[in-house]
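Welcome, and please have your viewer ready. Could you open the model and turn on a cartoon view before we set off?

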Amino acid sequence: MTSSNKTDSTPIFLLTGFPGLEKHHFWISLPICSMYFIAITGNCAILFVLKTDQTLHEPMYYFLSLLALSDLGLSFASLPTMLSVLWFNHRVIYFDACLVQMYFIHTFSIVESGILLSMAFDRLVAIWNPLRYTSLLTYEMVIKIGVGVTLRAALLVFPTSFLLKRLEYGRMNVLSYSFCLHQDILKVVLSDRRISSIYGLMVVVSSMVLDSILLVLSYVMILKTVLSIASKVERLRALNTCISHICAVLTFYTPMIGLSMIHRYGKNASPVVHILMANVYLLVPPLMNPIVYSIKTKQIRMRIFKSLL
């Protein structure tokens, strides 16, 4: 009897697809599934090329492989529930499962932010002191940076699940998206949520906000170094090595800022707008990163063409 009562009191969450467009969910899922397929295939192709081509075993490409892994993790974390809602209209997700999904989505997002910052440091060293580039950014150093970035994300996000489990919820709780996000779960809390909200803000400030500030400072130093180069051709060549990374940074931070702005100032906006922005936030970076690096990096592009032919 006690076990039954405990089960009955466990909160259940209902995910949301596209309100008012439920009859069209299958057709809406087609472009979304296509984006997931391209993102997963593209990042797997990047990893395959970087592993098999010995000429690409350099610090910059090691960081790119870490970026591809984080993109794959972000895609696989959100894909199951999204397809469940759009294909089968299965909206129910249990509390613990929701917390697990939330944990991995936010962890991989912070990991990606840290890797983008590491890649900015890589470009700074390559332009500022190219003679010491390979001696400073060794394979072991890249591994240490990758482990550090991952541990930071995992440890920062870990307490959020325990803080959320201490709060009170209704028996049935309707979420705004087809996946679980921390700020969305907080909206359905019935008890005092200040501690969880403050901690969530601290996580964002100590990870993504801090990373974005350091990214800007890195590019200020890069521009300062580039402008000190006498040759115009060398300046353009140095800047050209940063274009792919700048595109990756923009595709990651722009949807995130857009989603934050919608949450804060778009309370009167249609729910579909909120859902589209959340989907863009999760889908665009894993989709665009392999495309950008394949187009802008000749070695990767040629290697992919050779594999296809």
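What follows is a walk through a predicted model, one selection at a time.

**Stop 1: a helix with a bend**

Select residues 59–88, which make up helix α3. How far apart are its end C-alpha atoms? They are 44 Å apart, and this agrees with the span expected for 30 residues at 1.5 Å a residue. Now move along the helix to Leu-79, where there is a kink of about 35°, shortly before the proline Pro-80. Is α3 mostly covered or mostly open? It is mostly covered, with 23 of its 30 residues buried.

Stay in α3 and pick Ser-84. Its relative accessibility is 16%, and because buried means under 20%, Ser-84 counts as buried. Leaving aside neighbours within four places in sequence, Ser-84 is in contact with Asn-89 and His-90.

**Stop 2: just past the helix**

Asn-89 is the next selection, in the loop between α3 and β2. What is special about its phi? The angle is near 55°, a positive value in a residue other than glycine.

**Stop 3: the sheet**

Next, bring up the strands. Three strands form an open sheet, in the order β2-β1-β3, with mixed pairing. At the edges are β2 (92–94) and β3 (172–174), each of which pairs on one side only. From one strand to the next, the twist averages 30°.

Zoom in on β1, residues 12–14, which pairs with β2 in the antiparallel sense over 3 bridges. Show Leu-14 as sticks, and you will find Val-92 of β2 standing opposite. Then add helix α4, residues 95–128: this helix lies across β1 and β2 and runs at about 85° to β2.

**Stop 4: a leucine beside the sheet**

Select Leu-175, in the loop between β3 and α7 (182–187). Is Leu-175 buried or exposed? At 2% relative accessibility, Leu-175 counts as buried. Draw a distance from Leu-175 to Leu-14: they are 161 residues apart in sequence, yet 5.9 Å apart in space, C-alpha to C-alpha. Beyond its neighbours within four places in sequence, the contacts of Leu-175 include Phe-13, Leu-14, Leu-15 and Thr-16, along with Cys-98 and Ile-185.

**Stop 5: the cores**

In soluble globular proteins, nonpolar side chains tend to be buried together. Here, the largest nonpolar core has 71 residues. Which of them touch the most other members? They are Ile-32, Leu-64, Leu-116, Phe-179 and Ile-300. To see where this core draws its residues from, color the helices: α2, α3, α4, α6, α8, α10, α11 and α12 each give two or more.

Apart from this core lies another, of 17 residues, among them Cys-98, Leu-99, Leu-167 and Tyr-169.

Center on Leu-116 for a closer look. Not counting residues up to four places away in sequence, Leu-116 touches Leu-67, Leu-215, His-245, Ala-248, Val-249, Phe-252 and Tyr-253.

**Last stop: another bent helix**

Finish with α2, residues 25–52. Its 28 residues should span 40 Å at 1.5 Å a residue, and the end C-alpha atoms are 40 Å apart, which agrees. Pick Pro-31 before you leave: α2 bends there by about 25°.

Definitions and conventions. Residues are numbered from 1 along each chain as its sequence is written. This is a predicted model: local features need pLDDT of at least 70, side-chain atom pairs count only at pLDDT 80 or more; totals for chains, interfaces and linings use all residues. Side-chain values use heavy atoms; hydrogens and water are left out. Helices (H or I, at least four residues) and strands (E, at least two) are DSSP runs, numbered from the N terminus. The expected span of a helix is 1.5 Å times one less than its number of residues. The bend at a residue is the angle between axes fitted to the seven residues ending there and the seven starting there. Buried means under 20% relative accessible area, exposed over 50%, partly exposed in between (1.4 Å probe, protein chains only). Two strands pair if DSSP finds at least two bridges between them. Axes are lines fitted to C-alpha atoms, for helices over the stretch in contact, and angles run from 0 to 180 degrees between N-to-C directions. Contact means heavy atoms within 4.5 Å. A nonpolar core is a set of buried Ala, Val, Leu, Ile, Met, Phe, Trp, Tyr and Cys residues joined through side-chain atoms within 4.5 Å.
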